[in-house]
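Reader: I have a new model open on my screen and would like to understand the words used to describe it. Could you take me through the reasoning behind them?

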Amino acid sequence: MLDFVSCFSDLNGFDDSNPVRWQMVPLDGERLVALLDGSSANIEISGQSFASIIEVYTNNALNKTADQQRWANTAATIANEKGWKNPRFFLLKGHSEGTAKLTAKTSITRELEVSVHSQRNLYVTFHIVQDKGGKRYSSRSESEITSMLAEVNSFFPAQTNIKFTCHFINYIELDRKLGGSVVYKYKNSDPDVTVSGDETKHIFEYVDSGVPINVFFVWDISAKGVGSAPKGTTFDPRDPIGLTYGRCILIEDKVKQNAGLVLGHELTHSLGHKDHHALQGGLMHLFTEPMGKRIYRNEAKTVYANSFK
Ligand SMILES: [Zn+2]
């Protein structure tokens, strides 16, 4: 059936979960997409000032520039590897921030939205927290933090054109004892209401206001609330492993195996995306088990828009 598909990895900012397919293209960067079952399709293109959309012909009889020949060879290799029958290929080049659209029409219509994102680099300060006297403390090491961030940067920039840089790793001692776990209290799904007895505020006092995002590592988090839990608490809302409050993130020590994914998930919340989905392999899946590296259109658009704020 007539459809646009990603030529490389789905972790290059391609979304096929909506009827309108979507591709992120970095400013001054390129992506290649294929159109399947579209050999006789009429093609319409709009928004070429944002992204040029150029059909790549694999037919060697045509005169081509060196760049066109290179992409033609790449496309021919991909067609062969994937076993696609008569695919058409389109090269997308990002020129300025905005949206272009590629429409293919046969008896049905298929659209590909192309979003051009400039490169964003957001600084993050990490804090390793202990409570007063040091009886309770996070055992998170600096090297773990470095690897978590490296993992996020292995999949986040290619899909959103946003990368994260560690500004500083701080050790902080709170001015009070919080006990066995940091208690997060919520009320009626509203993540922005501070509830009496909420201990997260004693931690968030230590934000580095010089950076857009702060991450605090703590020994344990528990949650108590009225009504349903707010969006933005990862995993089981009664026993969150990580949570985000505005631009502040808490992650507990239990998070080990999928630590980079949990950090990426919470960073996405901190950049304004509060929803979860149930798509296997998605970064914003509610549960860590089917959670993966894939970032979908709405998530990528939201984090990108908020990366300027
Ligand atoms: Zn979440």
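Author: Happily! Let's start at one helix. The buried residues of H5 pack against strand E2 (14-15), strand E3 (21-26), strand E9 (109-117), helix H2 (142-160), strand E11 (162-173) and helix H4 (259-270). Please keep in mind that this is a predicted model.

Reader: Which residues of helix H5 are the buried residues?

Author: Helix H5 covers residues 297-306, and its buried residues are Arg 297, Glu 299, Ala 300, Val 303 and Tyr 304.

Reader: How do you know that the buried residues of H5 line one face of the helix?

Author: Look down the axis of H5: the buried residues fall within an arc of 165 degrees, so one face of the helix is lined by them.

Reader: Strand E3 was among the partners of H5. What makes E3 largely enclosed by the rest of the structure?

Author: The count of buried residues does. A residue is buried if 20 or more other C-beta atoms lie within 10 Å of its own. In E3, 5 of the 6 residues are buried, so the strand is largely enclosed by the rest of the structure.

Reader: How do you know that E2 and E3 pair?

Author: Two strands pair if DSSP finds at least two bridges between them. E2 and E3 have 2 bridges, so they meet that cut-off, and their pairing is antiparallel. One of the bridge partners is Trp 22 in E3, matched with Asp 15. The two strands form a hairpin, with 5 residues between them.

Reader: And how many bridges join E3 to E9?

Author: There are 6 bridges, and here the strands run parallel. Arg 21 stands opposite Leu 112 in E9.

Reader: Let's turn to the open sheet. What is the order of its strands?

Author: The order is E1-E4-E7-E6, 4 strands with antiparallel pairing.

Reader: Why are E1 and E6 called edge strands?

Author: Strand E1 (3-6) and strand E6 (51-56) each pair on one side only, and that earns them the name. From one strand to the next, the twist averages 30 degrees.

Reader: What makes E6 and E7 a pair?

Author: The cut-off is at least two bridges. E6 and strand E7 (residues 88-94) are joined by 6, so they count as paired. They run antiparallel, and Val 56 stands opposite Phe 89 in E7.

Reader: Now the loops. Why is Asn 86 called exposed?

Author: Exposed is the word if 12 or fewer other C-beta atoms lie within 10 Å. Asn 86 has 11 C-beta neighbours inside 10 Å, so it counts as exposed. You will find Asn 86 in the loop between helix H1 (66-82) and E7. Its phi is near 45 degrees, a positive value in a residue other than glycine.

Reader: Asn 161 has a positive phi too, near 65 degrees. Is Asn 161 buried or exposed?

Author: Asn 161 has 25 other C-beta atoms within 10 Å, and the cut-off is 20 or more, so it is buried. Its place is in the loop between H2 and E11.

Reader: What makes Pro 157 partly exposed?

Author: That label covers counts between the buried and exposed cut-offs, 20 or more and 12 or fewer. Pro 157 has 18 other C-beta atoms within 10 Å, so it is partly exposed. Pro 157 lies in helix H2. Leaving out residues up to four places away in sequence, Pro 157 touches Ile 162 and Lys 163. The C-alpha atoms of Pro 157 and Arg 120 are separated by 8.7 Å, although these residues are 37 apart along the chain.

Reader: Finally, the domains. Where does the protein chain divide?

Author: Domain 1 is 3-117 and domain 2 is 120-306. Their centres, taken over C-alpha atoms, are separated by 36 Å.

Reader: How many residues of the two domains are in contact?

Author: On domain 1 there are 12, in contact with 13 of domain 2. E3 and E9 are the elements that give two or more residues to the side of domain 1 that touches domain 2, and E3 gives the most, with 3 residues. The residues of that side divide into 4 nonpolar, 6 polar and 2 charged.

Methods
Residues are numbered from 1 along each chain as its sequence is written. This is a predicted model: local features need pLDDT of at least 70, side-chain atom pairs count only at pLDDT 80 or more; totals for chains, interfaces and linings use all residues. The arc is that of the directions from the helix axis to the C-beta atoms. Two residues are in contact if their C-beta atoms, placed from the backbone, lie within 7 Å. Axes are lines fitted to C-alpha atoms, for helices over the stretch in contact, and angles run from 0 to 180 degrees between N-to-C directions. Domain bounds come from an automatic or database domain assignment. Ala, Val, Leu, Ile, Met, Phe, Trp, Tyr, Cys and Pro count as nonpolar, Asp, Glu, Lys and Arg as charged, and the others, Gly among them, as polar.
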